[in-house]
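Okay, thanks for making time, everyone. Let me put the structure up, and then I'll walk you through a few spots.

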Amino acid sequence: MSPSTVSDKVRITVHVRGLLSTGLRVCLTGVEVAIIDDRTIVTQIKKGKDVIGYIVENWDTIHHETTKADGKARFEIPRPDDMEEDYAVVARFHNDDIKEQKPFLLNQDGETSIALKLHLTDNFKIYVTSPDQTSFVEVGTRLPTLPVGKSATFKFRWPTGKANVHAQLRASLGRVAPAAQDIEEGGMLDSEFVLTADRQGEVHMVGGFGNVPHQGFDFVNDATSSGVIAPPEPSAVVGPVTVTMQRASSFSTSDISVGPEIRRGTDALLFKNYFDFMDWVFCGDPLGTGNPIDKGRTRDMLSRTTRRRALPFTDTDAYRNIKVATEAFVMANCGFLGDATSYTQDDADFITNRVVVPTNIGDLATWLGRYLEFDFQAQAGLLPYLAVIRRKMADEPIKQTDIGDVDLELDPNDFHEQVSRCYGILKSRLTQPCLLELIWSYWQEEGMLVQAMNSITRRFQNIRGPMQNDPLANMEVDPLRPLNNLLWGYIQDEQHRLSVVRRNYEYDHHYGLRLSGKAVNNMRPADSRSKFLEAFHTLLSVVSRFYRLDDDTTVKADAFPVLNALKEAHLILSQGAHNQFGDLPSTARIEMLMQQWILARPEFREFLPTRIMVAYPEPWMDRVDAMKKLQGWSDTSSLHFRNLAIFGEQVLLSVRFGNWADVNDPYSALNWARYWRSEIQGYLHAYRSATGIDLSLDVQNARIDATMPSVHLVRRLDEQRRLV
C-alpha cells in the first residue's frame with residue numbers, strides 16, 4: 001500500500017459491559033461513550049480518597065456515540081498527525097455521572113478495539129427463584145440446578161429515572177419468555193423473565209440493561225451466569241419397568257469442538273482429494289461430490305505460488321507445474337481456520353453417538369468460542385497451546401506480512417508498506433497453524449514409498465541397483481515413455497529435495513524416531529526426544545485399558561490415567577516444536593505427495609507387475625507393494641503404513657494443540673478418548689500388523705514397549721528372509 005492510499009480516518013470500537021456488585025457481567029445498550037484527548041477537561045468526583053466518577057465539561061464538543069444493540073459503540077475520527085497522542089474513552093449510563101475512564105493509544109493500522117467495564121450501582125440487581133420456588137435469591141456466578149421441564153423466574157431490578165432503561169434475558173438452553181410488563185415499586189423497576197428448560201446440559205444466561213433492544217449476545221464474553229440443567233426429577237412408576245444397560249454419559253467440555261476441525265483439516269489433505277485436485281487442474285475433470293477443496297482459496301494460492309517458483313534446469317516445465325500445484329494444494333488446505341460456521345449435523349451426531357454428549361451445531365459453535373482464547377492484538381481466537389506461547393511473548397507485536405512476502409520488483413521506498421513490522425509474530429502462523437505432523441512422512445518412508453521411487457529413478461538413469469542381481473535391470477522402461485519429461489525434471493531437481501539424512505534427523509528431533517539403513521548410520525543428533533516413544537505408547541496402552549472398562553456397562557471407567565498420560569505426551573511433544581518444525585513437515589509432505597501421484601499414474605500399472613484385484617484404497621499403493629516384492633523388502637502391506645501415517649497424525653494433532661498441562665477435568669480426557677477411538681484403535685491395529693507388537697495389551701506390571709519401530713521392522717524382515 002502506498003502512502004497515498006492510507007485512510008484519513010481511524011476506526012475505534014468500544015465494547016461496554018456492565019459489572020454488577022456480585023461480579024457478573026451484563027450487556028449494556030444506550031450507553032453514552034465519548035473519545036477524548038488530553039485537551040478535554042475532565043473533573044474527578046471524589047468521595048474521601050476514592051474516585052467515584054468523572055465530569056466532562058465539554059461533553060457535546062467531543063466525539064461521542066451510544067452503544068448499539070450489540071453493546072458496542074463505533075467511531076470514525078480523523079487520523080491525527082501524531083498517532084501516539086494520548087486518548088481516553090469515557091462512558092456514562094442512566095443519566096449518571098461518568099463511571100469509567102480508560103486511556104488508550106490508537107493502533108497503527110487504523111483499527112482499535114477497547115473493552116470497557118462500567119461499575120453499576122448497587123441499585124442494579126438480578127435475582128432468580130430459589131430451588132424450592134419460595135423466594136428470590138441474587139444471581140451468583142452459578143445458577144441453581146434446574147431440572148428439565150421445570151421453570152425458573154429471573155427478576156431484573158433497576159432504579160427509575162429519566163432514561164428509558166429496560167432489561168432483556170437470553171439463555172443457551174431452553175426457552176425464555178417475558179413474565180409481565182415492567183412494574184414500578186418504591187422508585188425501582190422490575191422486569192421478570194421465565195426460563196423453561198427443555199433438555200439437559202450446561203446452560204449459559206446472558207442479561208442486559210439499556211434503552212435499545214439487545215442483539216448479538218455472546219455467551220462466551222458476555223455470559224452473566226451459568227448452571228446445569230439436570231435430568232427430570234424422579235417420579236413414582238407403576239407397573240413393569242424395563243431396564244437397559246448402556247455406556248455412561250459424559251459432560252460437555254469445550255475441547256470437544258476442536259475434534260471436527262482437526263478431522264476436517266487432515267481429511268482435506270488425503271490423497272484422494274489431492275488426486276481429484278490434480279485431475280481438476282491438469283485434466284479439467286470436475287471435483288468429486290463432497291470434496292472439501294475450497295476452489296477460490298486454492299486458485300489464489302496456485303496463482304501466487306506459480307509466480308514465485310522456478311527451476312534452473314532446461315525442459316523441466318512438466319515437473320515444475322506438478323511441484324507448484326502440489327505446494328498450492330498443501331498450503332491452501334492445511335491451515336486451522338477455527339470457523340464455527342463449518343460445522344455440519346454429521347459433526348454433532350458423531351459427538352452425540354460416540355462421546356455420549358447431546359450436541360447440536362449451535363453447541364459446537366459455542367464450545368469453539370469458549371475453547372479458543374481470544375487475542376485482542378491478533379483479533380482472533382487462538383488454540384490453547386498457542387495461547388500459552390503467545391502469553392510468553394506478550395511483548396512481541398503481531399505482524400500481517402513477512403519478509404518473504406516482499407515484492408522486490410516494487411520501488412525500494414515502498415517496501416515498508418508491504419511488511420507491517422520487521423520483527424514480530426506472523427499472525428497467520430499464530431491464528432491458522434498448519435495441521436501437519438511429521439509422523440505422517442515417517443510412516444510413509446518406513447512403508448518404502450521413497451525407496452520405491454528412488455529405485456525407479458535409478459533405473460531411469462540406467463544405474464544398476466546395489467544388489468548383485470538388480471530385478472529392474474531387465475525391465476523395459478518403455479511403458480513410462482509418456483512420463484519421460486516428468487521423470488527427467490524430478491531427477492534434475494533431486495538436489496533441491498530433502499535428503500533421507502535430513503528427514504531422519506528431524507524425525508529424531510520431533511519424536512525420537514529413527515530410520516534404519518546404511519544411509520543413516522552414525523547419527524549424531526544435538527537434541528533428541530528419547531522419552532517420547534515411551535510416553536506415546538503409554539498413552540495408547542492406557543487408552544486401550546480405558547476402552548475395555550468403558551465398554552463394560554456395569555462400571556464407570558476412570559479417565560484420570562488417560563489425562564495423566566496425555567499431559568506427559570503433550571509435554572514431550574511440545575519440546576520438539578523448534579528448529580525446522582514450521583517448514584520441514586510441509587516440505588516433506590509436498591515431496592511425498594508428488595511421489596504418490598507419480599506412482600499412481602496408469603503408466604506404472606504397465607511398468608510394474610501389480611495385482612489389479614487387490615482392493616487398495618489409493619492407486620499408488622499396489623505399485624509400492626510390487627516394488628517391495630521385486631526387491632525382497634518387507635512384505636507388510638503399504639495399507640498398514642498408510643493407516644499409521646493418517647491415524648498417527650490425527651491423534652498427535654489432537655494432543656499437540658491442547659493445553660493439557662492446565663487441564664484437571666477428567667471429562668476432557670474421557671471425551672478425547674471417545675472421540676478419537678476409531679483413529680487410536682486403527683493405529684494400534686496397524687502398528688501390530690507392521691511391527692508385530694501389540695500395544696493394547698495390559699502391561700500394568702511390565703514396562704511398555706518403547707523400542708524403535710525400525711528395529712522391529714528389521715527384525716521382521718530378517719525373519720521373513722529366513723523363512724524364504
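So, is the crossing of H4 and H16 left-handed or right-handed? Keep in mind that we're looking at a predicted model. The crossing of these helices is right-handed. H4 covers residues 317-333 and H16 covers residues 584-599, and their axes come within 9 Å, crossing at roughly 125°. That angle is neither between 65 and 115 degrees nor over 145, so H4 and H16 count as oblique to each other.

Who's touching whom here? On the H4 side you've got Tyr319, Ile322, Lys323, Thr326, Glu327, Phe329, Val330 and Met331. They meet Ser586, Arg589, Ile590, Leu593, Met594 and Trp597 of H16. Sorted by class, this contact has nine nonpolar residues, two polar and three charged.

Now on to another helix pair. H20, residues 666-675, packs against H21, residues 677-691, at an angle of about 65°, and the axes are 5 Å apart. From H20, the contact uses Trp672, Ala673, Arg674 and Tyr675, while H21 brings in Arg677, Glu679 and Ile680. The class split there is four nonpolar, no polar and three charged.

Last stop, a single lysine. Lys117 sits in strand E10, which spans residues 111-119. Is Lys117 buried or exposed? Somewhere in between: its relative accessibility is 41%, so Lys117 counts as partly exposed. Leaving out residues up to four places away in sequence, Lys117 touches Arg17 and Glu100. Glu100 is 17 residues from Lys117 in sequence, and their C-alphas are 7.3 Å apart in space.

That's my tour, so over to you.

Notes
Residues numbered from 1 in each chain as written. Predicted model: local features only at pLDDT ≥ 70, side-chain atom pairs only at ≥ 80, totals over all residues. Heavy atoms only, no water. Helix = DSSP H or I, 4+ residues; strand = E, 2+ residues; numbered from the N terminus. Buried < 20%, exposed > 50% of the residue type's maximum accessible area, 1.4 Å probe, protein only. Contact = heavy atoms within 4.5 Å. Axes fitted to C-alpha atoms, helices over the stretch in contact; angles between N-to-C directions. Parallel < 35°, antiparallel > 145°, perpendicular 65-115°, else oblique. Left-handed = near helix turned anticlockwise from the far one by under 90°. Nonpolar A, V, L, I, M, F, W, Y, C, P; charged D, E, K, R; others polar.
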